[in-house]
Amino acid sequence: MANTIKLLVLLLFSFAIGDGARTKFPTTLQTSTGIDGICKSMVETQGYICEEHKVTTKDGYILSMQRMPKGRSASEKGVKPPVLLQHGLTMDATTWLLNSPAESLAFILADNGYDVWLGNTRGTYQSQGHTSLNPYDPAYWNWSWDELVAYDLPANFQYVYDQTGQKLHYVGHSLGTLMALGAFSRKEVLNMIRSAALLSPIAYMGQMPSLLARSAADLFLSEDLYWLGLKEISLGGEATSKLVDDICKAPNINCTDLIAPFTGPNCCINTSNSYLDHVQPTATKNIIHLSQMIRGGSIAMYDYGSAFQNYIYYSQPTPPLYDMESIPNDLPLFLSYGGKDLLSDVKDVQNLVEKLKGHDPNKLVVQFKEDYAHLDFVFGVNAKQNPVTTKDGYILSMQRMPKGRSASEKGVKPPVLLQHGLTMDATTWLLNSPAESLAFILADNGYDVWLGNTRGTYQSQGHTSLNPYDPAYWNWSWDELVAYDLPANFQYVYDQTGQKLHYVGHSLGTLMALGAFSRKEVLNMIRSAALLSPIAYMGQMPSLLARSAADLFLSEDLYWLGLKEISLGGEATSKLVDDICKAPSINCTDLIAPFTVIRGGSIAMYDYGSAFQNYIYYSQPTPPLYDMESIPNDLPLFLSYGGKDLLSDVKDVQNLVEKLKGHDPNKLVVQFKEDYAHLDFVFGVNAKQA
């Protein structure tokens with residue numbers, strides 16, 4: 001396999017030679033956006049206003065910029081500050097435009113009132129001008145990302161600042177993050193920036209696992225090409241495209257995977273889009289510089305190959321380092337990286353975060369997306385998810401469905417927040433057909449639907465300072481979901497809509513709500529609560545699997561053995577489940593364990609195991625109770641439970657109803673579904689029955 005990968009690398013670079021060696025055809029005719037430019041071909045066609053701008057750097061390169069001063073529905077220019085979007089390696093500003101307007105960051109920001117500016121680095125088809133050179137001159141390509149740090153980025157910042165008179169927000173992807181980090185470490189552009197969001201941040205690259213990229217670096221391919229006279233590399237040229245087409249016609253070749261060996265398995269991109277059609281040229285020297293970083297593991301300026309040559313350029317035998325620790329501690333930074341990214345590796349990003357440990361914790365947010373690879377951050381079709389940061393630093397993902405399929409305007413009915421149960425996420429409400437899934441049903445009936453994802457789910461694994469590989473990240477129970485997650489989600493929806501909301505919870509989502517209501521949380525923002533398979537008292541739970549796990553103290557044993565996270569979808573668990581499912585008389589639809597307090601039968605906060613430890617946390621020897629009788633009597637509640645439910649047991653629910661006996665009878669509805677078990681309430685195909 002490794003030899004095959006290396007052969008593919010050699011083939012691609014060989015064809016890049018053919019594409020890079022310029023002939024009589026001008027480069028500007030090769031651009032995927034045509035001679036009309038990005039504005040006319042990709043922005044105005046979507047109904048947005050767009051302006052083309054030219055920026056000249058101090059070393060003579062003429063760069064193209066596009067400006068989207070307002071969204072489609074705005075009558076005036078964006079009232080929010082300018083935002084500069086900077087693409088990654090071998091791409092251009094189309095990075096931010098290739099998906100639909102609802103899925104592309106440039107359109108989303110413009111529609112939200114921002115004054116959006118799109119940068120194109122030197123060498124891209126949109127930015128091949130120069131005051132004295134042209135792309136046919138080898139001297140034109142005598143640059144690496146050092147020059148993007150020293151010239152391109154400052155020129156773009158200065159131009160936007162001069163045009164708008166305002167400091168700007170910055171969003172970079174991949175190489176666009178390296179440019180920013182390099183500039184910040186050299187104290188460039190700091191007087192013109194408000195904040196920086198760095199997606200798939202590239203800084204340290206020594207751990208990069210991409211076999212294709214690492215093979216190219218280890219084989220010194222770019223260095224060989226450079227000394228053979230190839231100063232430009234174009235992977236998007238005609239010869240390379242023909243090679244890829246031929247490969248794709250071969251049997252058993254899945255061309256949706258051609259990107260994955262470079263970037264990692266992207267989870268969320270639209271595979272029908274031809275992202276490869278927009279690949280741009282870059283300088284061979286730039287690739288050499290990146291290869292040096294992969295081999296060396298540091299962030300340094302271009303290495304000219306000998307102490308003598310480096311002395312000529314730097315007055316020292318080795319290239320100067322870009323010092324990440326010198327980035328001002330009060331610069332607001334947002335870093336987002338993915339667990340499947342083969343270019344911005346998890347360990348490399350953690351190295352960067354370690355260098356930033358002196359940063360003001362209120363000015364640094366680090367988000368980890370377990371299922372994201374390199375391109376998901378810019379091409380993911382779920383780009384418009386709503387992030388929510390809790391008071392204890394967890395970054396939660398929310399999805400919003402503002403209207404149904406037939407509605408021309410946003411839902412005219414109040415917002416509804418749907419909260420899933422244990423070991424699930426927001427897909428709970430979407431897995432059936434639209435006619436059988438509550439989220440779709442509510443949206444089609446005019447509600448503004450919001451879907452929550454608790455901390456720890458794959459969609460909500462961000463944190464301002466921790467990541468899921470840190471045991472400290474998992475130091476929480478449902479107490480924290482009550483105290484932080486639910487209030488944060490409520491507050492976010494309330495702030496976004498200006499309206500009180502209805503709440504629907506299932507299983508753990510009901511326990512979160514009952515706990516919050518008993519502590520007088522979120523009551524100023526709620527209209528009503530529907531609790532499906534309500535979990536409160538659990539002492540009567542008849543589920544043999546769940547009760548056995550509780551009575552055997554299995555979760556406690558795992559915790560003290562160092563296992564802070566339980567993933568029922570992991571490889572080892574999957575194998576165990578497969579083996580169990582092969583046994584006679586086993587129905588695998590019943591393999592569900594809640595891992596919550598069952599033994600005691602009460603609703604109390606986490607028990608730290610001793611009076612001494614509980615005193616430390618609660619100033620009392622036993623954990624405080626969540627008092628169901630303290631829930632306001634006038635809060636509209638709907639409880640629905642099932643006769644076949646082994647987790648939300650009939651006797652336990654009746655115990656809860658007994659605690660609510662003082663509730664206003666006009667504000668409490670209790671429904672019993674004799675034939676329903678735990679999952680019927682969210683996955684039942686008869687969900688739309690009246």
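Start by selecting cysteine 267 and cysteine 268 and showing their side chains. The link between these two has -85 degrees about the S-S bond, which makes it left-handed. The sulfur atoms of cysteine 267 and cysteine 268 sit 2.3 Å apart in this disulfide. Keep in mind while you look around that this is a predicted model.

Now colour the pair by accessibility. Which of the two is buried, and which is partly exposed? Cysteine 267 is partly exposed, because its relative accessible area is 36%. Cysteine 268 comes out at 13%, and since buried means under 20%, it counts as buried.

How many disulfides does the structure hold? There are 2, so hop over to the other one by selecting cysteine 39 and cysteine 50. Their sulfur atoms are 1.9 Å apart. Look along the S-S bond here: the torsion is about -60 degrees, so this disulfide is left-handed. Cysteine 39 belongs to helix H2 (residues 37–43), while cysteine 50 is in the loop between H2 and strand E1 (51–56). The two are 11 residues apart, and the pair links distant parts of the chain. If you switch on a surface, expect cysteine 39 and cysteine 50 both to be buried.

Next stop, some backbone torsions. Select lysine 187, in the loop between helix H5 (175–185) and strand E7 (193–199). What is the sign of phi at lysine 187? It's positive, about 65 degrees, although the residue is not a glycine. Lysine 187 is partly exposed, because its relative accessible area is 47% and the partly exposed class runs between 20% and 50%.

Then jump along the chain to lysine 520. Where does it sit? You'll find lysine 520 in the loop between helix H16 (508–518) and strand E18 (526–532). Check its phi too: lysine 520 has a positive value of about 65 degrees, and it is not a glycine either. With a relative accessible area of 47%, lysine 520 is partly exposed.

Finish at the surface. Select Phe308, Ile312 and Tyr313 and draw them as spheres: these residues form a nonpolar patch. Together they have about 370 Å² of accessible area. For a closer look at one member, pick tyrosine 313, which is found in helix H11 (residues 307–314). Is tyrosine 313 buried or partly exposed? Its relative accessibility is 48%, so it counts as partly exposed; the exposed class takes over 50%.

Terms used. Residues numbered from 1 in each chain as written. Predicted model: local features only at pLDDT ≥ 70, side-chain atom pairs only at ≥ 80, totals over all residues. Heavy atoms only, no water. Patch = residues over 30% accessible without salt bridge, like charges linked within 9 Å, V, L, I, M, F, W, Y side chains within 5 Å. Areas by Shrake-Rupley, 256 points an atom, 1.4 Å probe, with all protein chains shown as cover. Salt bridge = Lys/Arg side-chain N within 4 Å of Asp/Glu carboxyl O. Helix = DSSP H or I, 4+ residues; strand = E, 2+ residues; numbered from the N terminus. Buried < 20%, exposed > 50% of the residue type's maximum accessible area, 1.4 Å probe, protein only. Disulfide = S-S within 2.5 Å.
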